[in-house]
Amino acid sequence: MALREIVKFGEDILRKKCREVTSFDEKLAILLDDMKETLQSADGVGLAAPQVGMLRRAVVIDIRDGKGAIELVNPVLVEQYGNQVGNEGCLSAPGEWCEVERPMRVKVKAFDRHGKEFTVTGDGLLARAICHELDHLEGILFIDRVKQDIPERAEGRK
């Protein structure tokens with residue numbers, strides 16, 4: 001495993017739509033392992049492949065609930081319920097925090113690193129993290145979904 005450099009806002013790759021993963025092979029396993037290590041090292045909650053320079057539909061999420069990291073390959077949002085508004089940041093935008101509205105609960109179909117399909121349901125923080133990372137796969141950034149800047153950050157912007 002290796003740490004990968006996290007791409008920062010302003011880089012074109014973050015605005016591009018990712019391609020589906022078609023080979024569930026050693027290259028994918030290495031990418032996912034590297035992403036988990038990079039996520040842990042950066043003390044983040046989620047990381048999408050374009051954030052490490054790869055235009056592939058793969059994300060890792062670890063909300064630090066003791067259940068470990070979730071790997072989602074070719075994820076598709078199939079259901080969403082309710083809403084929540086909360087502070088959100090991004091490893092690609094260190095120090096930036098904004099209020100973003102997200103669903104309270106989501107259900108996603110995805111594949112694991114071996115190509116086996118599964119479904120995951122997330123509530124609260126997990127739902128927020130899933131939506132944030134799936135947006136990255138479409139070239140959408142959390143700042144595109146800002147509900148309202150946090151007051152102390154907004155004062156510095158004019």
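1. In this predicted model, Tyr-81 has Arg-105 of strand S6 as its bridge partner. That pair belongs to a longer antiparallel match, in which strand S3, covering residues 70-81, and strand S6, covering residues 105-111, are held together over six bridges. As general background, the strands of a sheet pair through backbone hydrogen bonds, in either a parallel or an antiparallel manner.

2. Strands S3 and S6 are part of an open sheet of five strands, arranged in the order S1-S2-S3-S6-S7 with antiparallel pairing. Strand S1 (46-48) and strand S7 (117-123) lie at the edges, and because each has a single partner strand, one side of each is left without a neighbour in the sheet. On average, and with direction ignored, neighbouring strands of this sheet are turned by 40° against each other. Helix H1, which spans residues 26-41, packs on the sheet and touches S1, strand S2 (58-61) and S3, while the direction of H1 makes about 35° with that of S2.

3. Which residues have the most contacts inside the largest nonpolar core? They are Val-59, Ile-61, Leu-72, Val-106, Val-108 and Ile-130, in a core that has 21 residues. At least two residues of this core come from each of S2, S6 and helix H2 (125-137), and it is H2 that gives the most, with seven residues. In general, nonpolar side chains of soluble globular proteins tend to be buried together.

4. Ile-61 offers a useful view of this core from a single position. Once its neighbours within four places in sequence are set aside, Ile-61 is in contact with a list of residues that includes Leu-39, Val-45, Ile-70, Leu-72, Leu-126, Ala-129 and Ile-130, and also Gly-46, Gly-68 and Glu-133. A second core, separate from the one just described, has 14 residues, among them Leu-39, Leu-47, Ala-49 and Val-60.

5. Another pairing to inspect is that of strand S4 (residues 84-90) with strand S5 (residues 93-102), which run antiparallel and are joined by six bridges. These two strands form a hairpin with two residues between them, and within the pairing Val-85 stands opposite Glu-101 of S5.

6. Glu-101 also leads to a later part of the chain, since the C-alpha atoms of Val-146 and Glu-101 are separated by 7.5 Å although the two residues are 45 apart along the chain. Val-146 is found in strand S8, residues 146-149, and, not counting residues up to four places away in sequence, Val-146 touches Cys-98, Glu-99 and Val-100. Is Val-146 buried, partly exposed or exposed? Its relative accessibility is 31%, so Val-146 counts as partly exposed, given that buried means under 20% and exposed means over 50%.

7. Taken as a whole, the protein chain has three helices and eight strands, and along the sequence these follow the pattern α-β-β-β-β-β-β-β-α-β-α. The radius of gyration is 15 Å, close to the 15 Å that the globule rule gives for 158 residues, so the chain is as compact as a globular protein of that length. Its C-alpha atoms fill a box of roughly 50 × 35 × 30 Å along the principal axes.

8. Buried residues make up 43% of the 158 residues, and the chain exposes about 8500 Å², of which carbon and sulfur atoms supply 48%. Among contacts between residues at least 6 apart in sequence, 65% join residues at least 24 apart.

Conventions:
Residues are numbered from 1 along each chain as its sequence is written. This is a predicted model: local features need pLDDT of at least 70, side-chain atom pairs count only at pLDDT 80 or more; totals for chains, interfaces and linings use all residues. Side-chain values use heavy atoms; hydrogens and water are left out. Two strands pair if DSSP finds at least two bridges between them. Helices (H or I, at least four residues) and strands (E, at least two) are DSSP runs, numbered from the N terminus. Axes are lines fitted to C-alpha atoms, for helices over the stretch in contact, and angles run from 0 to 180 degrees between N-to-C directions. Contact means heavy atoms within 4.5 Å. A nonpolar core is a set of buried Ala, Val, Leu, Ile, Met, Phe, Trp, Tyr and Cys residues joined through side-chain atoms within 4.5 Å. Buried means under 20% relative accessible area, exposed over 50%, partly exposed in between (1.4 Å probe, protein chains only). The radius of gyration is taken over C-alpha atoms; the globule rule is 2.2 Å times the number of residues to the power 0.38. Accessible areas come from the Shrake-Rupley method with a 1.4 Å probe; for residues, only the protein chains shown count as cover.
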